[in-house]
Each structure stands twice: as C-alpha cells, then as structure tokens.
Amino acid sequence: MIIKSTNINLKHIAESGQCFRMNRMDDNKYSLIAFGKYIELIQTDRDSVEITCSEEEYQLLWKDYFDMDYNYNEIVTVLIQGKDEFLKKAAEFGRGLRILKQDIFETLISFIISQRKNIPAIKSCIEQLSVKYGERKVSSTCDNKEYYTFPTPERLAGANIEELRKAGLGYRDKYILKTSQAVLRSDIDIIKLRELNSGEAVRELLNLSGVGIKVANCVSLYGLHHIESFPVDVWIGRILKDIYHNKFDLELYNGFAGIVQQYMFYYIRSQNKEDIKP
DNA sequence: TCCCAGGTATTTT
DNA sequence: AAAATACATGGG
C-alpha cells in the first residue's frame, strides 16, 4: 500500500519522541507496533511512503493513525512564512512531522514511564512490559515476524508489583499499577475523555497516580489528539526560557500549539544529536 | 565512573 | 502557597 503526501517523513515522526514503538530498521525503513498490529514502512521518496498492509487496513486504521486527513502543509507554511525565526527553522527542519493518533491507554502508560528517563530507556521499558504482559503475535505479512502487543489494562492491573518492576520501571511501578487499576475499575473512563475538551481532559488525567501536568498534556496531545495541548518538558522549558525569555505567545498558535510544540521539540533535540541531523 | 533523562509526589519552608 | 527533595534505573 503506497501513500502519497507532500508532508510525511518517517524519520521525523519516529525520532520526534511522541511514540516509542516505531523503530528504524535501516535507512528509510521502519517497523511499527500499534493497535495490536505490526507493520513496516518505507520512505520510498520525499512524497511517498510504502506500508506493508492492505488498502482496506490502511483505510480502516493507519490512515487515521497517521492523521492523513489533516493538512500539515498549511501549518508549515504559516511557520515558514512567519516572523518567528526559531519556528521558521524548526518547521523547515521538521517538515513531514505529523502527530500520530495513538491508543489512549498505551499513551497514558508510556508517558508515565517517560518521566526522568531518556527515550532509549523508555522504549526498553515498554518493550519489556509488552513481552511480559502483552500478547505474542506473528505477522503474516512481514515474514512471520514475532512481536508483542502493548498490554491491556486488565493485564497490567493484575500484575505483581515485584514482577512489574523487573521491566525496569523503577519507582514508577506503583504508578503503573494504580493507574491501570483505576482504568480497569473505571474510576476514570479514558474512552469518554475524547468527548471532553483538552482542558477538561487534562484535569481528569491529573487525578491518576504518576500523572502530572506534563504527562497529562502528552496524553491529551498524543492519545486524544487534542492538538492544542502544549506539553512543557525540560527541552521545551529551555526553549521558552532561553529563546523566548518566557514571553512565548501561545495565543499566536491557538488551536494547534501542540503541533508547533512538536516542531520545537524535534528541532532543539536535533541540535544535540548527531544521528538526527539532516 | 559519573551525569542526567519528554516529572511527580511528598515534605519542608 | 511556594520551594526544596526523594525517587529507581539505565543510556551515553
């Protein structure tokens, strides 16, 4: 299945810190586990991507997952033609980034794990959790590739805390357990969060163990696709302080600040990472 | 070996 | 109410 788009870049998406189960296999080729499925993606040229799935599965799942109905060119153009020099560079550099529509529970648990960990360590934890508590599957389309789906709330809520910790969670083990149990008991209805606006959803999420303002905003942005949510982590915090002297005007990007945040995050980190430089 | 990582909860001023 | 501090583990 081939996707044509003037604004999709697998490398940018995979390396932008929004998802943790999309991995580079070799140049231009990535594997991805999401929604219980395994696919491989190839950047065949600047404007096209090949996915190892049927047309039907693409229409049913991946088209939405990659947010293909949204016009990212419009935002990139606004930023590149705008007056903000930093965002101009960030948008030029990150052209092809998209905000994925990820599973809400996986996003919630993943970003609880993310606190005080670097991205490789986060990925490692999530992979270990999946092997331990997910479902083993074999991809029929990708050379019988073996993979493990992300655990369900039931599986994590029923986990033994010592066993959980062996996945490298550290002190976060109790957060994962409590939050999974809260989801299972429907103390919070994570499906209904979709019906709320971003502010209301964040407020609900803050009741969960291990979820503070930053993680709540990440869940809102990446799990609920509230593209106005603007997570502030150490990197974004440094940008707001060092580049904008704490005078960054979010109102300028009302309604899509989360996407702007993603260009910022990806760009600033590229400055410090050889392997992401263009 | 040392430092720090897409922060949060708890304790202390 | 605001500010300091503890927290587990592993990647670089």
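**Two DNA strands and a buried serine**

Trainee: How many residues of the surface near DNA strand C are charged?
Mentor: The residues of that surface divide into two nonpolar, two polar and a charged group. Here a residue is near a strand if one of its heavy atoms lies within 4 Å of it. Asp, Glu, Lys and Arg count as charged; Ala, Val, Leu, Ile, Met, Phe, Trp, Tyr, Cys and Pro count as nonpolar, and the others, Gly among them, as polar. The charged residues near DNA strand C number five.

Trainee: Before we go on, what kind of model is this?
Mentor: Residues are numbered from 1 along each chain as its sequence is written, with chains lettered from A and ligands numbered from 1 in the order in which they are written. Side-chain values use heavy atoms, leaving out hydrogens and water, local features need pLDDT of at least 70 and side-chain atom pairs pLDDT 80 or more, while totals for chains, interfaces and linings use all residues, as this is a predicted model.

Trainee: What share of the atoms of DNA strand C within 4 Å of the protein do sugar and phosphate account for?
Mentor: Let's start with the protein side: the residues around DNA strand C include Arg116, Lys117, Arg165 and Arg172. On the strand's side, the share from sugar and phosphate is 71%.

Trainee: Which residue places a polar backbone atom 3.0 Å from a sugar or linking oxygen of DNA strand C?
Mentor: A polar contact is a pair of N or O atoms within 3.5 Å; within protein, one must be able to donate a hydrogen and the other to accept it, and residues adjacent in sequence count only if both atoms are side-chain atoms. Asn118 uses a polar side-chain atom, 3.4 Å from a sugar or linking oxygen of strand C, and Lys174 has one 3.5 Å from a phosphate oxygen. The backbone atom at 3.0 Å belongs to Tyr171.

Trainee: Which residue reaches a phosphate oxygen of DNA strand B with its side chain?
Mentor: Asn118 has a backbone N or O atom 3.3 Å from a sugar or linking oxygen of strand B, and a polar backbone atom of Ser16 is 3.3 Å from a base oxygen. The phosphate oxygen is 3.1 Å from a side-chain N or O atom of Arg238.

Trainee: Is Ser198 buried or exposed?
Mentor: Ser198 lies in helix H10, and its side chain makes a polar contact of 3.1 Å with that of Glu228. Buried means under 20% relative accessible area, exposed over 50%, and partly exposed in between (1.4 Å probe, protein chains only). Because its relative accessibility is 13%, Ser198 counts as buried.

Methods:
Helices (H or I, at least four residues) and strands (E, at least two) are DSSP runs, numbered from the N terminus.
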